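Trainee: Before I rely on the labels used for this model, I would like to go through how each of them is justified.

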Amino acid sequence: MNKSILSTNLSARLFVSACALSAVVLVSGCAKPSASANVYNYNQTQRDQIVRNGTVINVRPITIQSDQTSGVGAIAGGAVGGVAGSAVGGGTGRTLAIIGGAILGALAGNAVEDQVGKKDGLEISVRLDNGETRVIAQEADLPIMMNQRVQVISGAGPTRVVPLTQN
């Protein structure tokens, strides 16, 4: 069999593998944990919770970083980089390009996954009506301001700070 045909088949298989791996990355990226006061997972619903009222005494912007990466970004980046490297040169140079492309792709994929795992958050200090002070960190998806009356909700998972609605 012709050497160029084998090389073309290998490149096509590598490309298809990289596309399949990218699809897995996109699907697995959908299941992300949330630090939002508005998001409850199924196991946190229909549970009795403790509600304490208080006043916000400090709000500080923070960054919420995922504890760990899944490694999917590095794997997908390595696969794509390896495929891109396979299009360069021939012989030993091509092998080095594949290896270099895979390494650079893995580093880039890991960096992208790390950035995707970051969210803007707030560190909220609340003086409860009973005089105690609590500090809660959560996503910055609710407007929380100094001197605002809030509810601190806890008992069925994470503690949440939500604006107190006046009726």
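Mentor: The protein chain exposes about 10600 Å², of which carbon and sulfur atoms supply 60%, with areas taken from the Shrake-Rupley method with a 1.4 Å probe and, for residues, only the protein chains shown counting as cover. This is a predicted model, in which local features need pLDDT of at least 70, side-chain atom pairs count only at pLDDT 80 or more, and totals for chains, interfaces and linings use all residues. Residues are numbered from 1 along each chain as its sequence is written, and side-chain values use heavy atoms, with hydrogens and water left out.

Trainee: Why is Leu104 called exposed?

Mentor: Its relative accessibility is 59%, and exposed means over 50%, buried under 20% and partly exposed in between (1.4 Å probe, protein chains only), so Leu104 counts as exposed.

Trainee: Why is Gln148 called buried?

Mentor: Gln148 has a relative accessible area of 16%, and since the limit for buried is under 20%, Gln148 is therefore buried. Leaving aside neighbours within four places in sequence, Gln148 is in contact (heavy atoms within 4.5 Å) with residues including Gly54 and Pro163.

Trainee: How do you know that Arg160 has no salt bridge?

Mentor: A salt bridge needs a side-chain nitrogen of Lys or Arg within 4 Å of a carboxyl oxygen of Asp or Glu. For the buried Arg160, the nearest side chain of opposite charge (Lys and Arg count as positive, Asp and Glu as negative; His and the chain ends are not counted) is Asp141, 8.4 Å away, so the salt-bridge criterion of 4 Å is not met.
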